[in-house]
Amino acid sequence: MQMNEDNDAELLRRYAEHRAEDAFAEIVRRHVNLVYSAALRQVNGDAHLAQEVTQRVFADLAQKAGALARHRVLAGWLFTSTRYAAAKQVRGERRRQARETEAQLMQERFHDDDGVEALDWGRVRPVLDAALAELGEADRVAVLLRFFEGRDYAGVGARLGLGENAARMRVERAVDKLRGLLDRRGVGSTTAALALALGNQAVLAAPAGLAATVTGAALMSAAAGGGGAAVLTFMSMTKLQLGFAGAVIALGVGGVAVQSKSNAALRDELAGLRGRDVGMAVLAADNARLVRAANEVGTLRADDAELARLGEEAARLKAQMGETARVAAAKAKGAGLAPIKGEILPAAKVDVQPKPTFQAQPMYPAAFRGAGVSGEALIKFVVDAQGKVRDAVVVKATHAEFGVSAVDAVGKWQFDPGQKDGRKVNTELQVPIVFTIAAENRGGDAPKPAGAPAKAVSKVKQWF
């Protein structure tokens with residue numbers, strides 16, 4: 001039977017109300033890797049104890065199915081229950097025998113091909129679950145769904161009622177908080193390295209057949225009303241197999257019926273679990289690619305922002321250049337002057353320099369006047385033999401607006417023309433015009449009156 005990915009509560013309700021074994025088997029299939037991996041960390045890598053803890057947790061789930069059917073997401077409850085069960089199991093195991101060595105599971109350091117700093121999982125494992133327990137419920141569930149149940153961001157969002165992007169942000173914030181909690185426990189890392197470590201190491205595939213054994217044990221425990229749960233859940237796998245017939249007899253006919261009804265579904269489950277190791281390897285590779293993709297997206301976003309800024313700057317400069325050209329064309333057309341006749345001499349080659357008889361004052365651009373911005377524009381123009389200004393253009397300017405204002409003013413100037421060998425000639429000049437706010441408008445001892453106009457001061461430094 002195909003189960004919907006978003007109906008843990010409904011599956012529990014079906015089992016609690018109708019004793020639907022296939023529904024409970026589906027719940028075990030979904031969450032057995034999460035529980036087993038958490039148990040394995042809590043018992044310091046002892047696979048034997050981790051399997052016993054896993055059985056205890058799912059047996060407890062079967063007995064409390066009715067009450068837990070209100071939980072939309074089971075991951076949080078399963079994680080907390082695993083911690084308690086593992087702590088109790090470890091205490092009991094220590095009373096029975098002292099363990100001198102720790103199983104060397106998950107001690108291999110991993111390395112990210114893109115240069116993400118490697119994180120020693122052997123240092124993370126002993127303190128990870130305690131740090132997870134300190135996270136808020138929403139952050140803890142987000143981490144469990146993403147890294148412990150292997151869901152993509154769309155899947156996490158579907159379980160939490162969020163969009164994919166919102167789920168991604170929730171997971172990233174939660175991982176960063178988890179990194180801080182681990183740092184306080186002496187395990188320093190970057191957020192990216194921790195995310196990669198969780199993706200590669202956090203969840204291991206449960207041993208083949210564990211889901212089937214857990215399901216059968218939990219269902220029989222529930223059918224017996226909890227009376228036989230201690231016998232079943234505290235057995236090792238070997239003891240469980242050897243003592244299975246005796247346990248069934250102790251539980252009565254009801255347990256035998258439950259086990260026989262679920263055999264077909266559990267055989268299918270066993271076949272499916274054999275491929276989970278390959279699936280986890282693929283998931284780890286996908287997680288590494290996602291970390292690299294996230295870094296690339298950050299770089300691309302920065303590049304896009306810079307390109308947008310440069311585009312806006314280019315558009316502004318283009319508009320300023322267009323305005324300058326418009327003003328120059330309008331002045332030439334308005335003057336209605338014929339083309340310049342005769343030779344145009346540089347100022348250095350004339351005997352008598354042109355002398356200004358009228359100089360119009362440039363208009364100070366309103367935006368720069370209000371902001372107190374000063375600047376300068378260098379204007380090139382020709383004083384013809386009649387003393388009129390011709391072909392005024394901007395050579396350079398600190399701001400295009402200053403250039404436009406200066407060209408407009410210079411075009412109105414009048415001169416006594418320059419002379420060469422006693423005759424009037426066309427003379428090419430360059431003049432720098434300085435734009436500055438007059439001292440009385442900049443402050444000083446007396447504040448500037450509200451609304452007082454700023455003055456544009458033009459100063460001819462020298463003729464070129």
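A salt bridge is here a side-chain nitrogen of Lys or Arg within 4 Å of a carboxyl oxygen of Asp or Glu. Arg 184 and Glu 134 meet this rule, their closest N and O atoms being 3.8 Å apart. Arg 184 belongs to helix H9 (residues 164–184) and Glu 134 to helix H6 (residues 121–134), so the bridge ties together parts that are 50 residues apart in sequence. Helices (H or I, at least four residues) and strands (E, at least two) are DSSP runs, numbered from the N terminus.

The model is a predicted one, in which local features need pLDDT of at least 70 and side-chain atom pairs count only at pLDDT 80 or more, while totals for chains, interfaces and linings use all residues. Residues are numbered from 1 along each chain as its sequence is written, and side-chain values use heavy atoms, with hydrogens and water left out.

Accessibility adds a second view of the bridge between Arg 184 and Glu 134. Buried means under 20% relative accessible area and exposed over 50%, with partly exposed in between (1.4 Å probe, protein chains only). Arg 184 is exposed, with a relative accessible area of 63%, whereas Glu 134 is partly exposed at 46%.

Side chains of opposite charge can pair when their charged atoms come close. The count for this model comes to 19 salt bridges. Within helix H9, Glu 164 and Arg 168 form a bridge with an N to O distance of 3.9 Å. These two residues are 4 positions apart in H9, which means a separation of about one helical turn. Glu 164 is partly exposed at 44% relative accessibility, and Arg 168 is partly exposed at 29%. Another bridge joins Asp 22 to Arg 14, with the closest N and O atoms 3.5 Å apart. Asp 22 is partly exposed at 30% relative accessibility, as is Arg 14 at 21%. Salt bridges also link Asp 8, Glu 26, Arg 29, Arg 30 and Arg 159 in a network.

Aromatic contacts form the next topic. Rings of Phe, Tyr and Trp (its six-membered ring) pair if their centres lie within 6.5 Å; planes under 30 degrees apart count as stacked, over 60 as edge-to-face and the rest as tilted. A search of the whole structure finds 8 such aromatic pairs. One of them, Tyr 15 with Phe 24, is tilted, with 5.0 Å from centre to centre and 45° between the planes. Both Tyr 15 and Phe 24 are buried. The pair of Tyr 364 and Phe 435 is edge-to-face, at 5.9 Å centre to centre and 80° between the planes. Tyr 364 lies in the loop between strand S2 (355–358) and helix H17 (366–371), and Phe 435 in strand S7 (residues 423–435), so this contact ties together parts that are 71 residues apart in sequence. Both Tyr 364 and Phe 435 are buried, and with Phe 368 and Phe 402 they form one aromatic cluster.

Arg 146 meets two rings through its charged end. A charge sits over a ring if NZ of Lys or CZ of Arg is within 6 Å of the ring centre and within 35 degrees of the ring normal. The charged end of Arg 146 sits over the ring of Phe 147, 5.5 Å from its centre. Arg 146 also lies over the face of Tyr 153, at 4.6 Å from the ring centre.

Tyr 153 leads on to the largest pocket, where Tyr 153, Arg 168, Glu 172, Leu 290 and Ala 294 lie nearest the centre among 22 lining residues. Rolling a probe the size of a water molecule over the atoms shows where empty space is left. On a 1 Å grid over the protein atoms alone, a pocket is an open set of points where a 1.4 Å probe fits, with protein on both sides within 12 Å along at least five of seven lines; lining residues have an atom within 4 Å of a point. The largest pocket has a volume of about 570 Å³, a volume being the space filled by probe spheres set on the points, which are joined across faces, edges and corners. Helix H7 (137–148), H9, helix H10 (191–201) and helix H16 (276–335) each supply at least two residues of its lining. The largest share, 9 residues, comes from H16. The lining divides into 12 nonpolar, 6 polar and 4 charged residues (Ala, Val, Leu, Ile, Met, Phe, Trp, Tyr, Cys and Pro count as nonpolar, Asp, Glu, Lys and Arg as charged, and the others, Gly among them, as polar).
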